[in-house]
Amino acid sequence: MRKILKKMALSASICAIAATGTIPVLAAEGVATQTITQKKQPSIKGKAGIIMDAKSGKILYAKKIDDRHYPASITKILTTLVAIENNKDLYGEVTFSSHAVNSLEHGSTHIGIKAGEKMPLIDVLHGIMLESANEACNGAAEYTAGSEEKFVDLMNKKAQELGCTNSHFVTTNGLHNDQHYVTARDMAKISQAALKNSTFRLITEKANYYIPKTNKDKKGRSLWNHHKMIKRTRYIYDGVEGGKTGYTTKAGGTLVTFAKRGDQELICVDLCAHGAELYEDTIKMFDYAFQNYYTIVPFRGIERTLKDDKYGILSVGNRVSPYTLPLKHLEDITIMLEKDEQPSNLSYRCNGKYFYVSYNKKQIGKATFH
């Protein structure tokens, strides 16, 4: 089997070289089976829920994923992503305005930031994702775009770029507004984009974080992640990497969770549930997905270097060739299969910048050479 895979990799690589004349680099992408497992799906309490493969975007479980719901603080996943992408220096100093810290509704979550307080943006972002600090969202927005309104415009623009078709954002923090809503499908797309950002990953996976003393706080602040599946609670779950909690009276509870086992990484969104139901729903959905699907990396471990000579004949070890492609780039391709499907039925071909994957000779998806 290993020899077959090597030959497939060599053939795929050589056709990409021939088509472009340059050395292509494959970005991390995933392909997934089109099969939907016939195994019994879980019943969840949330009004909407989804499990998505983080690499390919394949939806493994869906319940009313295009219905609109209020997101509450899971909004902050998009807030954090937009702030990261629109600031070159994440250690730039944020100065909090009186409006940023004093415009919050009574009883909303905060970490006690004071007007005039200064702290690095990276600390602000940890306050947003771990402690769900609403004033931190306002400060990051003003620092990034000059005002909350302009920052929200960036949020909606980013959502549109990601293919979100039924969501709209009005606030940076998810505090209630009738015109601030998402769908489970769109929230999964936003989360998928966030996971592609290494800085976001570093923030969301932390159970705790310490903000050193500032000009207005001489003791510093200890932050603790609100997500119960990240900490050692009765909801701890093998593979959980991060996520975000949310709650308002009108939204109910909302929860986004990321989990990875081996090469398989999943995104789970649960909307409009309450208390323990959020975690129970999430565990049910993850169990269903991990038990019924698996992910392979078909070209992992290939260390040979491909070269083609001036006649276009495939040869390995021929140094006359002007083209060299390290096959490690092919290791970025993941393929998700249903548990009853066999890797031996996969086949591969290349055409221009696209790398196509088929199962039983039927195309199931493609990755792109960049």
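Four exercises with worked solutions on this predicted model follow.

Residues are numbered from 1 along each chain as its sequence is written. In this predicted model, local features need pLDDT of at least 70, side-chain atom pairs count only at pLDDT 80 or more, and totals for chains, interfaces and linings use all residues, while side-chain values use heavy atoms, with hydrogens and water left out.

**Exercise 1. The whole chain**

Task: State how many helices and strands the protein chain has, and what share of its residues is buried.

Solution:
- Step 1. The protein chain has 9 helices and 18 strands. Helices (H or I, at least four residues) and strands (E, at least two) are DSSP runs, numbered from the N terminus.
- Step 2. Of the 370 residues in the protein chain, 55% are buried. Buried means under 20% relative accessible area, exposed over 50%, and partly exposed in between (1.4 Å probe, protein chains only).
- Step 3. Take the contacts in the protein chain with a separation of 6 or more: 65% of them are between residues 24 or more positions apart. A contact means heavy atoms within 4.5 Å.

**Exercise 2. Helix α5**

Task: Find the span of α5, and decide whether α5 is largely enclosed or not.

Solution:
- Step 1. Helix α5 covers residues 134-145, which is 12 residues.
- Step 2. From first C-alpha to last, α5 reaches 17 Å, close to the expected 16 Å. The expected span is 1.5 Å times one less than the number of residues.
- Step 3. In α5, 11 of the 12 residues are buried, so the helix is largely enclosed by the rest of the structure. Among them are N134, C137, E142 and T144.
- Step 4. The cover over these buried residues includes α2 (75-85), β4 (93-95), α3 (98-102), α4 (121-131) and α6 (148-161).
- Step 5. One of these covering elements, α2, is itself mostly covered, with 10 of its 11 residues buried. The buried residues of α2 include T75, K76 and I84.
- Step 6. After α5 comes G146, with a positive phi near 95°.

**Exercise 3. Aromatic rings**

Task: Describe the pair formed by Y61 and Y288, and say which parts of the chain this pair ties together.

Solution:
- Step 1. A pair of aromatic rings is described by the distance of the centres and the angle of the planes. Rings of Phe, Tyr and Trp (its six-membered ring) pair if their centres lie within 6.5 Å; planes under 30 degrees apart count as stacked, over 60 as edge-to-face and the rest as tilted.
- Step 2. By this rule there are 5 aromatic pairs. In the pair of Y61 and Y288, the centres are 6.1 Å apart and the planes make 70°, which is edge-to-face.
- Step 3. Y61 is in strand β3 (residues 59-63) and Y288 in helix α9 (residues 276-292), so the pair ties together parts 227 residues apart in sequence. Both Y61 and Y288 are buried.
- Step 4. Y237, F286 and F290 form one aromatic cluster. R261 lies over the face of F290, 4.5 Å from the ring centre. A charge sits over a ring if NZ of Lys or CZ of Arg is within 6 Å of the ring centre and within 35 degrees of the ring normal.

**Exercise 4. S358 and its hairpin**

Task: Decide whether S358 is buried or exposed, and describe how β17 is joined to β18.

Solution:
- Step 1. S358 is in strand β17 (residues 354-359).
- Step 2. The relative accessible area of S358 is 11%, so this residue is buried.
- Step 3. Not counting residues up to four places away in sequence, S358 touches N345, L346, S347, Q363 and I364.
- Step 4. β17 and β18 (residues 362-368) run antiparallel and are joined by 6 bridges. Two strands pair if DSSP finds at least two bridges between them.
- Step 5. Y359 stands opposite K362 in β18. The hairpin has 2 residues between the strands, and N360 takes a positive phi near 55°.
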